[in-house]
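Colleague: I'd love a close look at one salt bridge in this model, and then at how its surroundings fit into the rest of the chain. Could you walk me through it?

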Amino acid sequence: MTQTENRWYVKYTYGLAGLILTIYSMIMAKSILLPILFALFLSILIAPISSALEKRGIPRFLSAFIAILAGILVLLLIGFFFYKQMTAFAADADMFTERLQELLSSVESLIASTFSINTELNLDMLVSATVQYVRENASSLTRGISEAASLVTAVFLVPVYMFLILILRDLLINFLEQAFAGGNPERKRKVHRIIQKVKTLVQKYITGVLTVIVILAILYSTMLMIIGLEHAIFFGVFAATLNIIPFIGPLMGSILPILYSIITMDSFIFPLIILGGFYVVQILEGNLFTPLIVGSQVSMNALATLVLLFVGAQIWGLAGMILFIPLGAIFKIICDEVDSLKPYGYLLGSDNTHKTGKKRGLSKKIHDLSQKAKEKAGISDDGILDIGKDED
């Protein structure tokens, strides 16, 4: 019986069955898991605030409430900013429509003169095509609206989960230690070390990503204002916010200002300048800002990140694209601490053995600058700040 269980096809069958069951459970339990995971990550982020208030003599339930309330106020301010920018953007709808009609007329004339083809391009035709598309895809659009409604419900559950997690965080930590360590002191220390590493990683990842978004918003907005694009701040902040989605986010963020510049500006040189500006900023972000601020421990190799990105999109959609990157980094920490899983941790991580030697030109100079800045900031090669760990 033992020899049969050790055969490769038996292990493969068990592994495949476990993988399919896990993915199916994640899909079916999406409405339950997503608010819990978001609440868990955000609770870890604001836990230092709650702990600091508790040290000042404020009861735990009140400190947790104050920390959550502060986070909600920040989100409301961000939402108000986007609302004001969208209002200003909507005020130019007539001008935008006029310029779009002029552009369509120019394209129509170009096609007629170049290919001797008579076409009719106007806004009425585009509106009719849009209405026809909505009619043909009414069922999928209705399903999307229902999913959005369930998402709104989940958003209201997140603060409740956060409040309970902050209050019961000691209970949850003790549960993990008892569940995976039992009475073994060595295992208990290992579980405690994993918990502390996960806590550091989540805090470093979220705060780092938010810091990078702020820097990118300033750079994008400044670049677009110098070029002379209207609503530059809105486009800059919007593009920076999409940077939370690796690879795809920066591309999506650059499309909107490029299209707007094509429609509203007189020369096609401006879209090319905007594209070049976004490209330069992304080089700085990938080689300087993210390695310096987020840390190399959080980052994984490009293949693992891309696979996690698309797997997350297939399982949980946009939320999966956001969550699967930190979840993959947490899984890597667990793999690095468990001997039997260390090869998988190595597979997910970045091989830095010959990275510096392969860099050339601007990329190498930016990498060297990032390394010097990390040394001055007291950040080790694994991305951990050289400060004491918070045990609370």
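With which residue does R189 form a salt bridge, and how far apart are the closest N and O atoms?

Modeller: Happy to. Please keep in mind that this is a predicted model. The partner of R189 is E186, and the closest N and O atoms of the two are 2.7 Å apart. Both residues sit in helix 9, and because they are 3 residues apart there, about one helical turn separates them. An α-helix has 3.6 residues a turn, so residues three or four places apart point the same way. Side chains of opposite charge can then pair when their charged atoms come close. As for its surroundings, E186 is partly exposed, at 45% relative accessibility.

The model holds 8 salt bridges in total, and two others make good companions to this one. D336 and K332 meet in a salt bridge with an N to O distance of 3.0 Å. These two are 4 residues apart in helix 14 (residues 318-337), and that spacing again comes to about one helical turn. Their surroundings can be told apart by the 20% cut-off for burial: K332 counts as buried because its relative accessible area is 15%, whereas D336, at 34%, is partly exposed.

The other companion is the pair of D170 and R60, with the closest N and O atoms 3.1 Å apart. Here the bridge links distant parts of the chain, since D170 belongs to helix 8 (residues 169-181) and R60 to helix 4, 110 residues apart. Both ends are partly exposed: D170 has a relative accessible area of 38%, and R60 has 25%. The two also take part in a network of salt bridges that includes E54 and R169.

That network leads to another residue of helix 4 (residues 60-91), namely S63. With 0% relative accessibility, S63 counts as buried. Beyond its close neighbours in sequence (those within four places), S63 is in contact with S50, L53, E54 and I58. E54 therefore appears twice in this picture, as a contact of buried S63 and as a member of the salt-bridge network.

Back to helix 9, which also matters for the nonpolar interior. The largest nonpolar core has 60 residues, and V202, Y220, L224 and W316 touch the most other members. Helix 9 (residues 185-227) gives the most to this core, with 15 residues. If you follow V202 beyond its neighbours within four places in sequence, you find contacts with F41, I44 and I330.

Helix 9 has an outward-looking side as well. V214 lies in this helix and is partly exposed, at 49% relative accessibility. Its C-alpha atom is 7.3 Å from that of A240, a residue 26 places away along the chain. After helix 9 comes a loop that leads to helix 10 (232-241), and H231 is located in that loop. The phi of H231 is near 60°, a positive value in a residue other than glycine. That may catch your eye, as most residues other than glycine have a negative phi. H231 is also buried, with a relative accessible area of 15%.

I227, the last residue of helix 9 by its numbering, gives us a way to helix 12. The C-alpha atoms of I227 and P271 are separated by 9.8 Å, with their positions 44 residues apart along the chain. P271 is part of helix 12 (residues 269-294) and counts as buried because its relative accessibility is 7%. Not counting residues up to four places away in sequence, P271 touches I258, S261 and I262. Among these, I258 and S261 are listed with the buried residues of helix 11. Helix 11 (residues 248-264) has 17 residues, which at 1.5 Å a residue should span 24 Å; its end C-alpha atoms are 25 Å apart, so the two values agree.

To set all this in the whole chain: there are 17 helices and 0 strands, and 32% of the 392 residues are buried. Of the contacts between residues at least 6 apart in sequence, 67% join residues at least 24 apart; the bridge between D170 and R60, 110 residues apart, spans such a separation. The accessible surface comes to about 24200 Å², with 70% of it belonging to carbon and sulfur atoms.

Terms used
Residues numbered from 1 in each chain as written. Predicted model: local features only at pLDDT ≥ 70, side-chain atom pairs only at ≥ 80, totals over all residues. Heavy atoms only, no water. Core = buried A, V, L, I, M, F, W, Y, C linked by side-chain atoms within 4.5 Å. Buried < 20%, exposed > 50% of the residue type's maximum accessible area, 1.4 Å probe, protein only. Contact = heavy atoms within 4.5 Å. Expected span 1.5 Å × (residues − 1). Areas by Shrake-Rupley, 256 points an atom, 1.4 Å probe, with all protein chains shown as cover. Salt bridge = Lys/Arg side-chain N within 4 Å of Asp/Glu carboxyl O.
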